[in-house]
Amino acid sequence: MSLLSLTSMQTNIGQYAVLHDVSLEVPEGGVFVLLGRNGAGKTTTLRSIMGLWKPSPGSVAFRGTDLTGLHTADIARLGIAFVPEDMGIFGGLTVEENLVLATANGTFDRDALARIWRLFPALETFWTKPAWALSGGQKQMLSVARAIIEPRELILIDEPTKGLAPSIIDAMAEAFREISANTTILLVEQNFEFARSLGRQMAVIDDGRIAHAGSMEDFVANKDLQENLLSLSA
Ligand SMILES: Nc1ncnc2c1ncn2[C@@H]1O[C@H](COP(=O)(O)OP(=O)(O)O)[C@@H](O)[C@H]1O
Ligand SMILES: [Mg+2]
């Protein structure tokens, strides 16, 4: 059984159908990459999984449990975290306070905190500083840290490398590699180089439809498909 199954999902925003018949099987473990051009429907797919948009018709199942109709908070409690594109952190609060607010009962597990400081040393350095004072990359790290401060089974991450310097992107890839050893990551990206270094399985969404799904290895070898679906030059 897949960890996450999307079945024939149609998501409407207002009067427009944004997703059409989206079906995807995300296996447990590692990084699953969802690629696609701007406006293809990547964010809408993640929001539909989290119950922020309600697909109709269609369904989302997590470990066989139907999520359709559940509230977002209940979906999160089942072990799914969402790192949105705008990162969802509180600029006026310190790094520590941002993490406290991401816990269910306001306390950290010491081991979880030690792991976060090891993955993202800047968060320890800036522990008592307000989040607005962090660099773009450090804010993104804080946003990912909020998602893993408590045990999760699946993390949905929306374009984490957008606007970041190459050295920060490399550090992010290292952190994602380690996180994905025990937590499945569904990664939405437009940065193909970053995505291909992490993903085992992948899909491309185009104009609200799944245009391709398969192994990253096969997609990397298929320059025509990359050109057609991502407008990347070979
Ligand atoms: N809140 C919204 N209101 C109206 N249209 C939206 C909204 N969010 C997304 N869309 C439209 O849905 C399509 C897919 O958007 P999105 O899922 O954000 O794409 P991506 O994340 O792949 O760039 C786009 O055409 C976008 O304009
Ligand atoms: Mg998006």
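This passage describes a sheet, a pocket and one buried threonine in a predicted model.

The sheet is open and consists of four strands, arranged in the order β2-β1-β4-β5 with antiparallel pairing. Its edges are formed by β2 (16-26) and β5 (65-66), each of which pairs on one side only. Within the sheet, β1 (residues 4-13) and β4 (residues 59-62) are joined in the antiparallel sense by four bridges. Threonine 7 is placed opposite serine 59 of β4. Helix α1, comprising residues 42-49, lies across β1, β2 and β4, and runs at about 110° to β1.

The largest pocket has a volume of about 510 Å³. Its lining comprises 25 residues, and those nearest the centre of the pocket are Ala76, Ile80, Ala81, Ala102 and Arg152. At least two lining residues are supplied by each of α2 (72-77), β6 (80-83) and α6 (136-148). Classified by residue type, the lining of this pocket contains 16 nonpolar, five polar and four charged residues.

Threonine 183 is located in the loop between α7 (166-179) and β8 (184-189). The relative accessible area of threonine 183 is 7%, and the residue is therefore classed as buried, the limit being under 20%. When residues up to four places away in sequence are not counted, threonine 183 touches Gly30, Arg152, Glu153, Leu154 and Ile155. Of these contacts, Arg152 is also one of the residues nearest the centre of the largest pocket. Isoleucine 169 lies 14 residues from threonine 183 in sequence, and the C-alpha atoms of the two residues are 20 Å apart in space.

Definitions and conventions. Residues are numbered from 1 along each chain as its sequence is written. Chains are lettered from A and ligands numbered from 1 in the order in which they are written. This is a predicted model: local features need pLDDT of at least 70, side-chain atom pairs count only at pLDDT 80 or more; totals for chains, interfaces and linings use all residues. Side-chain values use heavy atoms; hydrogens and water are left out. On a 1 Å grid over the protein atoms alone, a cavity is a set of points where a 1.4 Å probe fits but cannot get out, and a pocket is an open set with protein on both sides within 12 Å along at least five of seven lines; lining residues have an atom within 4 Å of a point. Grid points are joined across faces, edges and corners, and a volume is the space filled by probe spheres set on the points. Ala, Val, Leu, Ile, Met, Phe, Trp, Tyr, Cys and Pro count as nonpolar, Asp, Glu, Lys and Arg as charged, and the others, Gly among them, as polar. Two strands pair if DSSP finds at least two bridges between them. Contact means heavy atoms within 4.5 Å. Axes are lines fitted to C-alpha atoms, for helices over the stretch in contact, and angles run from 0 to 180 degrees between N-to-C directions. Buried means under 20% relative accessible area, exposed over 50%, partly exposed in between (1.4 Å probe, protein chains only).
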